[in-house]
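Reader: Please show me the model, and then let me ask on what grounds its features are named.

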Amino acid sequence: MKVGKDLVAASATPLVLGILAEEESYGYAILKRINELSAGELDWTEGLLYPLLHRLERLGCVESNWQSVTGERRRKYYRLTEAGLAELAEQRRQWATVMDALKGIWLGPGDRGTLTAIPLEGRA
Amino acid sequence: MTAREGQEELEAQLAQWRQYVGRRREMRPPDADELEDHLRGCVDELVEAGLNADEAFLIAVKRMGSLDDLAREFAREHSERLWKQLVLTASPAADARSRRDLRVMAFCAAGAALSIKAPELFGVSLDNNAAAVFYGPNVSLLVLPWLAGFLAWRRQARRSLIGMLAALFALGAVAANAYPLADRSQSLIITSIHLPIALWLVVGLAYMADGWGSSRRRMDFIRFTGEWFIYFVLMALGGGVLTAFTTGAFKAIGIVPQEFIAQWLLPCGAAAGVVVAGWLVEAKQSVVENIAPVLTRLFTPLFTAVLLAFLIAVGWTSNGIDVERQALILFDLLLVIVLGLLLYSISARDPLAPPDLFDKLQLALVVSALAIDVLVLLAVTGRITEYGTTPNKAAALGENVILLGNLVWSAWLLLGLVRRRVPFTTLERWQTGYLPVYAAWAWIATLVFPPLFTYA
């Protein structure tokens with residue numbers, strides 16, 4: 001199963017913000033992290049990731065700088081800003097609403113247990 | 001293949017890939033750096049998994065998807081990049097160079113602005129009557145050397161060229177001031193018109209630097225002239241808005257800045273504008289599409305239609321052309337415009353393209369202009385033999401003959417081009433080869449005409 005394009009696009013911002021909330025990171029690592037998180041089901045491309053990062057930077061949600069960690073190449077690292085944290089919180093509220101609504105309609109009260117296993121509160 | 005060889009090949013492949021990315025306007029060098037880092041990350045991982053370097057590179061590039069798709073995504077986020085910006089500098093070296101250009105340009109523009117006011121120190125104020133007599137022939141001498149200087153500096157012109165430029169400007173100064181020209185004489189007006197043309201072609205020498213023998217460089221100068229003119233007009237429009245606003249705003253608080261505007265803002269602004277326009281053309285050379293050829297394309301059909309309508313009207317009513325002096329000048333200007341339309345479409349034409357409808361249209365334009373001009377010339381020659389000649393008539397007639405000569409041969413070459421007998425470059429060479437004729441004529445009109453007509 002591959003997740004549809006629209007859904008990938010819609011979830012892109014909260015995913016990237018969430019990953020950057022864990023720690024500052026660079027493009028390739030972010031893409032790998034998304035792959036890990038979704039077990040390869042989210043089909044992300046560089047054409048989605050980098051313009052998105054640039055857009056978030058323009059909106060002030062993230063800031064970037066070129067760093068060279070010892071023994072590594074010079075890389076452009078992205079870090080979440082205050083505005084980015086606020087945006088992440090807002091996104092989480094909206095997604096929680098969407099997920100609640102979906103759960104309400106798809107799951108009877110009986111088998112709700114399987115989904116509550118997904119932690120709603122991340123490490124933000 | 002050893003690991004080192006593999007690494008070298010990988011670097012070569014990455015360099016090539018960067019070249020492809022570099023051609024995309026949507027992606028700037030920092031983006032390319034970022035994407036390259038991504039590719040390297042991907043390659044490293046694949047190499048760790050046991051692939052060799054070039055296999056890994058192929059897969060990594062393939063995963064990234066086509067550059068077209070990638071560029072499209074970048075364009076959606078950075079649409080402003082598709083609009084070329086003036087301060088677009090690719091590398092730190094180019095950045096430093098353009099900043100140095102900017103400084104020298106500012107210096108030259110300030111120099112031009114001050115030069116225009118400098119005569120005031122010697123009592124030649126812009127508002128008294130003597131001013132018109134002095135500024136008329138001298139204004140180009142005060143301003144154009146700064147533009148030539150800027151261009152010569154930018155081209156790092158040789159000493160001999162700089163010496164030649166200085167000598168020509170000095171010759172211009174002599175022509176403008178050594179002759180005893182009366183205040184309202186025709187010769188004064190003729191010098192005022194022709195000296196700027198002669199000096200503009202001297203600027204051309206600075207622009208072309210060493211390449212003034214080459215047809216391509218001359219064509220570049222023709223392009224430069226057209227773009228310079230357009231920038232200058234645009235800046236004049238902006239200056240007009242600035243002037244209107246200054247006047248209005250200060251009037252509102254009871255100060256009338258008439259004096260300041262007429263004495264300082266307009267003359268200094270125009271003088272500086274001459275240099276700034278030259279700098280803009282140099283700086284934006286590769287940044288905007290040339291606008292002169294676009295205007296040419298728009299107006300060639302319209303002018304052709306008007307000229308044909310005029311010819312038909314002349315034939316229909318069998319009215320002769322009333323040849324006053326103004327009429328002669330008007331038709332001179334018409335030839336200049338036709339020549340300009342021809343020049344700027346030549347300057348933008350792909351030399352290898354086969355003749356198309358536009359070339360035929362141009363032929364029609366030139367031929368109809370020629371037909372009109374022949375009618376005018378016949379009438380004028382009649383009048384001159386009847387009433388004798390004046391400097392004005394002689395100059396107008398001489399210009400007419402020069403332009404006519406150019407256009408007749410151009411028409412012939414255009415006909416050959418349309419019939420695929422003559423290659424396009426012949427036409428281009430003809431036009432660029434004609435530049436010295438204009439220069440010679442402008443110098444003759446300023447240097448020889450006044451004594452010839454006893455300073456009338």
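Reader: What makes helix α10 of chain B count as kinked, and where does the kink lie?

Author: This is a predicted model, in which local features need pLDDT of at least 70 and side-chain atom pairs count only at pLDDT 80 or more, while totals for chains, interfaces and linings use all residues. Residues are numbered from 1 along each chain as its sequence is written, and chains are lettered from A and ligands numbered from 1 in the order in which they are written. The bend at a residue is the angle between axes fitted to the seven residues ending there and the seven starting there. In α10(B), residues 258-284, a kink of about 30 degrees lies at L265(B), shortly before the proline P267(B).

Reader: Which residues of α10(B) are called buried, and what does that word require?

Author: A residue is buried if 20 or more other C-beta atoms, placed from the backbone, lie within 10 Å of its own, exposed if 12 or fewer, and partly exposed in between. In α10(B), the buried residues are G269(B), A271(B), A272(B), G273(B), V274(B), V275(B), V276(B), A277(B), G278(B), W279(B), L280(B) and V281(B).

Reader: Why is Q156(B) called exposed?

Author: Q156(B) has 8 C-beta neighbours inside 10 Å, so Q156(B) counts as exposed. Its place is the loop between α6 (129-155) and α7 (159-177) of chain B. Q156(B) also has a positive phi, near 50 degrees, in a residue other than glycine.

Reader: How do you know whether R420(B) is buried or exposed?

Author: By the count again: R420(B) has 9 C-beta neighbours inside 10 Å, so R420(B) counts as exposed. R420(B) is in the loop between α14 (391-418) and α15 (424-433) of chain B, and its phi is positive, near 60 degrees, though the residue is not glycine.

Reader: How many helices and strands does chain A have, and what makes a stretch one or the other?

Author: Both are DSSP runs numbered from the N terminus, helices being H or I over at least four residues and strands E over at least two. Chain A has five helices and three strands, in the order α-β-α-α-β-β-α-α from the N terminus on. Of its 124 residues, 23% are buried.

Reader: What makes the strands of chain A a sheet, and in which order do they stand?

Author: Two strands pair if DSSP finds at least two bridges between them. β1(A) and β3(A), residues 74-80, have two bridges in the antiparallel sense, and seven bridges join β2(A) to β3(A), also antiparallel. The result is an open sheet with the order β1-β3-β2. β1(A), residues 25-26, and β2(A), residues 62-68, are at the edges with a single partner strand each, so one side of each has no neighbour in the sheet. Y77(A) in β3(A) stands opposite Y26(A) and is also the bridge partner of N65(A). Five residues lie between the strands in the hairpin of β2(A) and β3(A), where G71(A) takes a positive phi near 80 degrees.

Reader: How many residues make the contact between chains A and B, and what counts as a contact?

Author: Two residues are in contact if their C-beta atoms, placed from the backbone, lie within 7 Å. On that basis 17 residues of chain B are in contact with 13 residues of chain A. On the side of chain B that touches chain A, the elements giving two or more residues are α2(B), 29-48, and α4(B), 67-77, and α2(B) has the largest share, eight residues.
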